[in-house]
Amino acid sequence: MKKRIYITRKIPGEIKSLLEQDFTVDMWHEEHIPIPKNILKEKITQCDGLFCLLTEEIDAKLIEHAKSLKVISNMAVGFNNIDVETATKYGIAVTNTPGVLTETTADLTFALLMATARRIPEAEQYLRSGKWETWSPMLLTGQDIWGATLGLIGLGRIGTAVVKRAKGFGMNVMYTSRTQKPEVEEQLDITYKRLEDLLQQSDFICVMTPYTKETENLISTEQFNLMKKNAILINTARGGIVNEQALVEAIQTKKIWGAGLDVFASEPISKDDRLLQLPNVVTLPHIGSASIQTRMRMAKLAAENIKKVLLGEDCDYILNPDFKNGATST
Ligand code: NAP
Ligand code: GLV
C-alpha cells in the first residue's frame, strides 16, 4: 500500500503531482483559508507525511495523536510553528526549506528598509488621495540610506545576503549574532558588536534571527531606550522577537523614528491594531519570500524533503538533532 501524504493548503498542481508519483495524496483545497484545527487533528492521524505551512501550529497535542506520522515538512525556513522536541520523541522527522528563499527574502528586507526610510507608501497615498499641490522643501522627507549605519541582529543566510545589498548602497554595516564570524567580517567589511553597542550606534536595525525561547522579546523597552532618535527598526524574521507594545510606545514617544514590519506576533494582524495607526510604520502581510519563482522552489523542496524521508533516502534538511532516517520504502 502506498504511503499517505496530507497537504494543509492548496499548492500548485505540479508539486502535488510530484508527490502523487509515489504516494496517495490528500489536500485541504482552500488557498486563502487555513485548515481548521479539528480537521488537521483528524487528517494528521491518517497520514505518513504532513506537508504544512508556517500558519499551522503543529504542537505536542497534535503530534501525540499522529500514530502513523513519519515526517512533518514545513514549507518555510522558520520552524517555530512545530514542536520539534515532541516530534523527535516520537521518531518523526521535521524538515524545512532553507537557502532557496534567502535572496528573495533579503530583497524584500531591503525594499522594506527603503520604503520605511523614504516614506514610500505614505507618499504614494498622499499623491493618490489628491493632496499633492506643489514641490516643497521638507515635504515627505525621510532618512538617508546611503552612508547610514545598519546593525544586523543575526548574521545567518538572509542576514549575510542583506549585508551585500547594504554594501551596494554605501552603508556601514555592523552585526551581532550568536556566533562571531571573523571570515565573513573580513570578506564583507563588517564589524561585530555587542547587542547594546549595536543598538546605540545603528541608524537601521534589522532583526534576522529565528524565533526561539532565547530571541522572544529580544527587542523591548530596554532596547528601544538605547536606540538613536532617528533609528528605524526592520523586522522580517518573526513578530515575537520584537515586543509590539514596546515598539508602539517607542514610536509614539519618538524614542525611534520608524519601523518596517513584515511579521507580527499574531498573524494576521487585526486591522484595528495600534501599529497600523502609526504613519511611520510600514507594514506588510508576511511576504518576505513571496516571488513566484521562490515560492515554487520552496514548495518543490518541501515535497522533495517529504519524499526522501518516506522513501528512506538521505535528506539534508532534517531539523531534529541526531535524527536517523529509519523509514523504509515499503
Ligand atoms: P539562519 O541562516 O539560521 O540565520 C539565523 C541567524 O540568527 C544565525 O546567524 C544565528 O546564529 C542567529 N541567531 C540564532 N539565535 C540567536 C540569538 N539568540 N541571538 C543572536 N543571534 C542568533 O536563518 P535564515 O535562513 O537567515 O532565516 C532567519 C529567519 O528569518 C528564519 O528563522 C525565519 O524566521 C525568518 N524568515 C522570514 C521570512 C519572511 O517571509 N518574512 C522568510 C524567510 C525567513 P548562528 O550563526 O550562531 O547559528
Ligand atoms: C517564512 O517566514 C519562512 O520562514 O520561510
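**Figure 1. Helix H12 and its packing partners in the predicted model.** The buried residues of H12 pack against a mixed set of neighbours: strands E1 (4–7), E3 (49–52), E4 (71–74) and E5 (93–95), together with helices H1 (13–20) and H5 (102–117). This chain is shown as a predicted model. Look along H12 for the side chains that make up its buried set: Thr294, Met298, Ala299, Leu301, Ala302, Ala303, Asn305, Ile306, Lys307, Val309 and Leu310. As a reminder when reading such a list, an α-helix has 3.6 residues a turn, so residues three or four places apart point the same way.

**Figure 2. The length of H12 and the residue just after it.** H12 covers residues 292–310, which makes 19 residues. From its first C-alpha to its last, H12 reaches 27 Å, close to the 27 Å expected at 1.5 Å a residue. Just after the helix comes Gly312, with a positive phi of about 75°.

**Figure 3. A cis peptide bond ahead of Pro268.** Here we visit the loop between strand E11 (258–261) and strand E12 (281–283), where Pro268 lies. The peptide bond from Glu267 to Pro268 is cis, and its omega is near 0°.

**Figure 4. Arg119, a residue other than glycine with positive phi**. Arg119 is found in the loop that joins H5 to helix H6 (120–128). Its phi is near 55°. Readers coming from Figure 1 will recognise H5 as one of the elements against which the buried residues of H12 pack.

**Figure 5. Asp189, in the loop between helix H8 and strand E8**. H8 spans residues 182–188 and E8 spans 191–192. Asp189 has a positive phi near 55°, and it is a residue other than glycine. With a relative accessible area of 58%, Asp189 is exposed, the cut-off being over 50%.

**Figure 6. Stepping back to the whole chain.** The close-ups above belong to a chain with 12 helices and 12 strands. The radius of gyration is 22 Å, close to the 20 Å that the globule rule gives for 330 residues, so the chain is as compact as a globular protein of that length. Along the principal axes, the C-alpha atoms fill a box of roughly 70 × 50 × 30 Å. Buried residues account for 48% of the 330 residues. Of the contacts between residues at least 6 apart in sequence, 58% join residues at least 24 apart. The accessible surface comes to about 16,800 Å², and 51% of that belongs to carbon and sulfur atoms. Finally, the chain has 39 positive and 41 negative charges, whose mean positions are 2 Å apart.

Conventions. Residues numbered from 1 in each chain as written. Chains lettered and ligands numbered in written order. Predicted model: local features only at pLDDT ≥ 70, side-chain atom pairs only at ≥ 80, totals over all residues. Heavy atoms only, no water. Helix = DSSP H or I, 4+ residues; strand = E, 2+ residues; numbered from the N terminus. Rg over C-alpha atoms; globule rule 2.2 N^0.38 Å. Buried < 20%, exposed > 50% of the residue type's maximum accessible area, 1.4 Å probe, protein only. Contact = heavy atoms within 4.5 Å. Areas by Shrake-Rupley, 256 points an atom, 1.4 Å probe, with all protein chains shown as cover. Lys, Arg positive; Asp, Glu negative; His and termini not counted. Charge placed at Lys NZ, Arg CZ, Asp CG, Glu CD. Expected span 1.5 Å × (residues − 1).
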